[in-house]
Amino acid sequence: MEFVAFERKLQGTGASRRLRNTGKVPGIVFGAGEPAMIELDHNALYFALKKEAFHSSILEMELNGAKQKVLLRDFQMHPWKQQVLHVDFQRVDETTRLRKKVPLHFSGEENSVAVKTDKCLVSHVATEIEIECLAVELPEFIGVDLTGLVKGKSLHVSDLQLPAGIKVVKHGNLNPVVVAVTEPKPEEEIVAAPAPAADDKKGKKGKK
């Protein structure tokens, strides 16, 4: 994905406020050299932030006529307005090694034995994982094939098939569940209530 940024000369709270009032967003680019103060068009950035790839892939930024590869690192939103207040990017190259959370894309669930045959319930416990890799190898997402799911066995982080050069960032010896498989609850046996005794057809005749 590509976007255009412009050099920001004025700094400070007041300058940033005036910039936002003109439909711009202040930002910074750091890493691999001196930090650069930038500004971006608010609406273009706002809609770009709605795209998954903008958060989890290498971006190409054009600044002063030159293009450089960057990675979105952080952004701040207004507490209640649909307004981006600030954005941070990091410069990357072929040698940059980074840690980044990437989304998980699930497929094949409906064709698994757990779902198709055993009617189990499948829960996506995790929707993203933190990985470590070279910036140029950063995947937009990690695909997770669920066709092998079976009853009684959940999918853990260690079960994920990762592309070459990608490592999961582990926190201690934890091996968290990514997808949980739950057996269906047994259907409750429906017991028919006994039929009420038949009423005496012979009703008492009223006196004339």
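**Reading contacts, strands, rings and pockets**

Me: Let's start with one side chain. Which residues does Met37 touch, leaving out residues up to four places away in sequence?

Reply: A contact here means heavy atoms within 4.5 Å. On that basis Met37 touches Phe6, Glu7, Arg8, Gln11, Gly27 and Ile28. Keep in mind that this is a predicted model.

Me: Where does Met37 sit, and is it buried, partly exposed or exposed?

Reply: Met37 belongs to strand β3. For exposure, buried means under 20% relative accessible area and exposed means over 50%. Met37 comes out at 22%, so it counts as partly exposed.

Me: How far is Met37 from Pro26, in sequence and in space?

Reply: The two are 11 residues apart along the chain, and their C-alpha atoms are 7.6 Å apart.

Me: Okay, what about the strands? In which sense do β2 and β3 pair, and over how many bridges?

Reply: For a strand pair, check the direction, then the bridges, then what joins the strands. Strand β2 (residues 24–30) pairs with β3 in the antiparallel sense, over six bridges. If you want an anchor in the viewer, Val25 stands opposite Leu40 in β3. The two strands make a hairpin with five residues between them, and Gly31 in that turn has a positive phi of about 90°.

Me: Which other strand does β2 pair with?

Reply: That would be β6 (residues 84–91), and this pairing is parallel, over four bridges. Look for Ile28, whose bridge partner in β6 is Asp88. You've met Ile28 already, as one of the residues that Met37 touches.

Me: And β1? Which strands does it pair with?

Reply: β1 runs parallel to β4 (residues 59–63), with four bridges joining them; Phe3 has Met61 as its bridge partner there. β1 also runs antiparallel to β3, joined by two bridges. On that side, Phe6 stands opposite Glu39. For the overall count, the protein has four helices and 13 strands.

Me: Now rings. How many aromatic pairs are there in the whole structure?

Reply: A search of the whole structure turns up four. Take Phe3 and Phe54: their ring centres are 6.1 Å apart with 65° between the planes. Planes over 60 degrees apart count as edge-to-face, so this pair gets that label. It also links distant parts of the chain, since Phe3 is in strand β1 and Phe54 is in helix α3 (residues 52–56), 51 residues apart. Phe3 is buried at 11% relative accessible area, and Phe54 is buried at 3%.

Me: What kind of pair do Tyr46 and Phe47 form?

Reply: Edge-to-face as well, at 5.5 Å centre to centre and 85° between the planes. Here the exposure is mixed: Tyr46 is buried at 13%, whereas Phe47 counts as exposed at 51%.

Me: Which residues form a cluster with Phe3?

Reply: Phe54 and Phe89 join Phe3 in one aromatic cluster.

Me: Last topic, pockets. What volume does the largest one have?

Reply: For a pocket, look at its volume, then at what lines it. The largest holds about 370 Å³ of space. It has 19 lining residues, and those closest to its centre are Val157, Val168, Val169, Lys170 and Pro176. Strand β9 (residues 128–134) supplies the largest share of the lining, three residues. By type, the lining splits into 10 nonpolar, five polar and four charged residues.

Me: And the second largest pocket: what is its volume, and which element gives the most to its lining?

Reply: Its volume is about 170 Å³, and α2 gives the most, with four residues. β1 (2–7), β3 (36–41) and α2 (42–48) each supply at least two. Among the lining residues you'll recognise Phe3, Leu40, Phe47 and Phe54. The types here are nine nonpolar, no polar and three charged.

Me: And zooming out, what share of the protein is buried?

Reply: Buried residues make up 34% of the 208 residues. For contacts between residues at least 6 apart in sequence, 65% join residues at least 24 apart.

Key:
Residues are numbered from 1 along each chain as its sequence is written. This is a predicted model: local features need pLDDT of at least 70, side-chain atom pairs count only at pLDDT 80 or more; totals for chains, interfaces and linings use all residues. Side-chain values use heavy atoms; hydrogens and water are left out. On a 1 Å grid over the protein atoms alone, a cavity is a set of points where a 1.4 Å probe fits but cannot get out, and a pocket is an open set with protein on both sides within 12 Å along at least five of seven lines; lining residues have an atom within 4 Å of a point. Grid points are joined across faces, edges and corners, and a volume is the space filled by probe spheres set on the points. Ala, Val, Leu, Ile, Met, Phe, Trp, Tyr, Cys and Pro count as nonpolar, Asp, Glu, Lys and Arg as charged, and the others, Gly among them, as polar. Two strands pair if DSSP finds at least two bridges between them. Buried means under 20% relative accessible area, exposed over 50%, partly exposed in between (1.4 Å probe, protein chains only). Rings of Phe, Tyr and Trp (its six-membered ring) pair if their centres lie within 6.5 Å; planes under 30 degrees apart count as stacked, over 60 as edge-to-face and the rest as tilted.
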